[in-house]
Protein chains: 2
Amino acid sequence: MLIAGDLVPGERLSEAAVSERLGVSRNTLREAFRVLTHERLLVHKPHAGVFVAVPSLASIIDIYRVRRMIECQALLAAPARHPASRRMRAAVESALASRQADDWIAVGTANMEFHSAIVALADSDHLDRLYANISAELRLAFGLLDDPDYLHRPYVDRNVAVLELYLAGEAAEAAALLDDYLLTSERTIVAAYARQLPA
Amino acid sequence: MLIAGDLVPGERLSEAAVSERLGVSRNTLREAFRVLTHERLLVHKPHAGVFVAVPSLASIIDIYRVRRMIECQALLAAPARHPASRRMRAAVESALASRQADDWIAVGTANMEFHSAIVALADSDHLDRLYANISAELRLAFGLLDDPDYLHRPYVDRNVAVLELYLAGEAAEAAALLDDYLLTSERTIVAAYARQLPA
DNA sequence: AGTTATGCGATTGTTCAACAATCAATCGCG
DNA sequence: CGCGATTGATTGTTGAACAATCGCATAACT
């Protein structure tokens with residue numbers, strides 16, 4: 001429900017209401033709340049309840065800083081023909097197909113899968129898990145701005161270019177392109193976010 | 001108890017026993033177990049219970065890979081005279097004092113604080129949290145090998161050198177030294193670990 | 001004898017009900 | 001109109017209960 005955008009950031013989640021809604025007991029629900037809070041998707045205010053996290057501007061900027069560091073390093077240090085490159089290719093093709101069908105939410109998830117595959121190039125469980133968390137948090141932020149076309153369209157072709165460069169063995173160029181790409185993406189999101197936040 | 005080494009990796013934690021030992025109810029304890037499991041300090045086997053995590057060799061190698069990537073990047077990109085440099089200096093001095101007193105556990109925690117401060121140079125909440133998790137996991141591994149002298153002694157002087165270089169504005173040299181330092185540290189740990197594991 | 005079924009005991013998974021602690025909003029009062 | 005006390009609702013925590021599941025020891029069988 002959180003990553004599907006069914007829940008509005010900032011919304012308070014009553015234990016009684018949600019547990020009845022989901023058909024589980026309060027105690028079981030609290031266990032789930034604890035881990036989701038640890039994943040930063042919920043925030044827990046003692047004696048006040050849990051709320052759907054509202055990604056702050058600072059948090060978004062932080063996320064992009066981490067993404068640039070991790071994704072670019074992963075791409076730079078990746079050996080040629082790493083197994084994860086199959087995932088990259090599959091994600092790119094899925095994005096292209098979804099763009100053809102004008103399904104921009106699918107394009108968005110395909111793009112995120114592409115970046116997740118890039119991180120997988122580093123062969124690190126810890127980085128994979130960190131990236132999964134970051135992605136979920138970013139999804140929450142995306143849910144706030146509703147214009148998937150504008151958000152995801154420009155990056156399909158860039159992903160193709162990054163993939164081509166990497167497959168051609170030009171890792172440094174691929175990383176540089178990715179870094180620039182992430183910077184502009186960050187700028188777009190931050191702008192849209194700042195525009196919408198005061199409202 | 002986990003990071004203090006009171007619990008042996010692999011040990012099973014009975015809900016009833018631990019809840020009585022700590023004076024909390026089973027439900028409350030299960031909430032705690034859930035987040036500690038999410039932090040990788042415990043492992044949860046369905047219908048079998050939770051166990052103190054046993055850091056695998058693969059996990060240790062992974063941790064060092066992540067450390068090299070994050071710490072070196074943080075050091076490289078850090079602006080001069082970053083606030084966190086005070087933490088670095090304080091940690092180094094604490095380590096020196098503890099070495100004088102032959103308190104090698106204190107030296108170990110001071111060294112870890114030093115590296116935590118390096119990560120703080122990146123000004124990233126997400127990286128700080130990731131590093132806290134990694135540190136706890138590493139502490140668990142250290143608890144398995146009991147020779148704090150051998151594990152921490154060689155690195156006090158290296159930390160001094162890294163700090164000096166960074167403060168002198170030679171970030172690249174500092175990062176290079178740190179990278180080499182982490183590589184030899186990893187080698188030492190892995191060797192000691194592999195030596196002790198079969199027993 | 002060795003191996004496979006079987007039953008038992010113990011532990012986890014989950015729920016429910018209850019109560020204390022705490023917070024927020026309402027109401028009353030100066 | 002501002003401020004403080006009271007009330008109401010929600011969270012925090014506990015204890016007990018029961019079903020589901022697993023590991024193990026016993027028993028049966030080839």
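Two residues are said to be in contact when their C-beta atoms, placed from the backbone, lie within 7 Å. With that idea in hand, this predicted model can be explored from the inside outwards. By this criterion, Leu75(A) touches Ile118(A), Leu121(A), Tyr166(A), Ala171(A), Ala174(A), Ala175(A) and Leu178(A), leaving aside residues up to four places away in sequence. Leu75(A) belongs to the largest nonpolar core, which has 86 residues. Leu75(A), Val119(A), Leu75(B) and Val119(B) are the residues with the most contacts inside this core. As a general point, nonpolar side chains in soluble globular proteins tend to be buried together.

Helix H8 of chain B offers a helpful look at how a helix packs. Running from residue 171 to residue 196, H8(B) has 26 residues. The helix reaches 37 Å from its first C-alpha to its last, close to the 38 Å expected at 1.5 Å a residue. Buried residues in H8(B) are Ala174(B), Ala175(B), Leu178(B), Leu182(B) and Ile189(B). Their packing partners are helix H3 (57–77) and helix H7 (148–167) of chain B.

Helix H2 of chain B, residues 26–38, has 13 residues and reaches 18 Å, close to the 18 Å expected. Here Phe33(B), Arg34(B) and Leu36(B) are buried. The buried residues of H2(B) pack against H2 (26–38) of chain A, and also against strands S2 (42–45) and S3 (49–52) of chain B. After the helix comes Arg40(B), with a positive phi near 70 degrees.

The two strands just mentioned are part of an open sheet of 3 strands in chain B, arranged in the order S1-S3-S2 with antiparallel pairing. Its edge strands, each pairing on one side only, are S1 (12–13) and S2. S2(B) and S3(B) are joined in the antiparallel sense over 4 bridges. Within this pairing, Val43(B) has Phe51(B) of S3(B) as its bridge partner.

Attention now turns to the DNA. Around DNA strand C there are 13 residues, of which the closest are Ser25(A), Asn27(A), Thr28(A), His47(A) and Gly49(B). H2 of chain A and helix H1 (15–22) of chain B each give two or more residues to this surface. Its residues divide into 4 nonpolar, 8 polar and 1 charged.

DNA strand D is likewise surrounded by 13 residues, with Gly49(A), Ser25(B), Asn27(B), Thr28(B) and His47(B) coming nearest. At least two residues of the surface near strand D come from each of helix H1 (15–22) of chain A and H2 of chain B. The residues near strand D divide into 4 nonpolar, 8 polar and 1 charged.

How values were computed:
Residues are numbered from 1 along each chain as its sequence is written. Chains are lettered from A and ligands numbered from 1 in the order in which they are written. This is a predicted model: local features need pLDDT of at least 70, side-chain atom pairs count only at pLDDT 80 or more; totals for chains, interfaces and linings use all residues. The expected span of a helix is 1.5 Å times one less than its number of residues. A residue is buried if 20 or more other C-beta atoms lie within 10 Å of its own, exposed if 12 or fewer, and partly exposed in between; C-beta atoms are placed from the backbone. A residue is near a molecule or strand if its C-beta atom, placed from the backbone, lies within 6 Å of it. Ala, Val, Leu, Ile, Met, Phe, Trp, Tyr, Cys and Pro count as nonpolar, Asp, Glu, Lys and Arg as charged, and the others, Gly among them, as polar. A nonpolar core is a set of buried Ala, Val, Leu, Ile, Met, Phe, Trp, Tyr and Cys residues joined through C-beta atoms within 7 Å. Two strands pair if DSSP finds at least two bridges between them.
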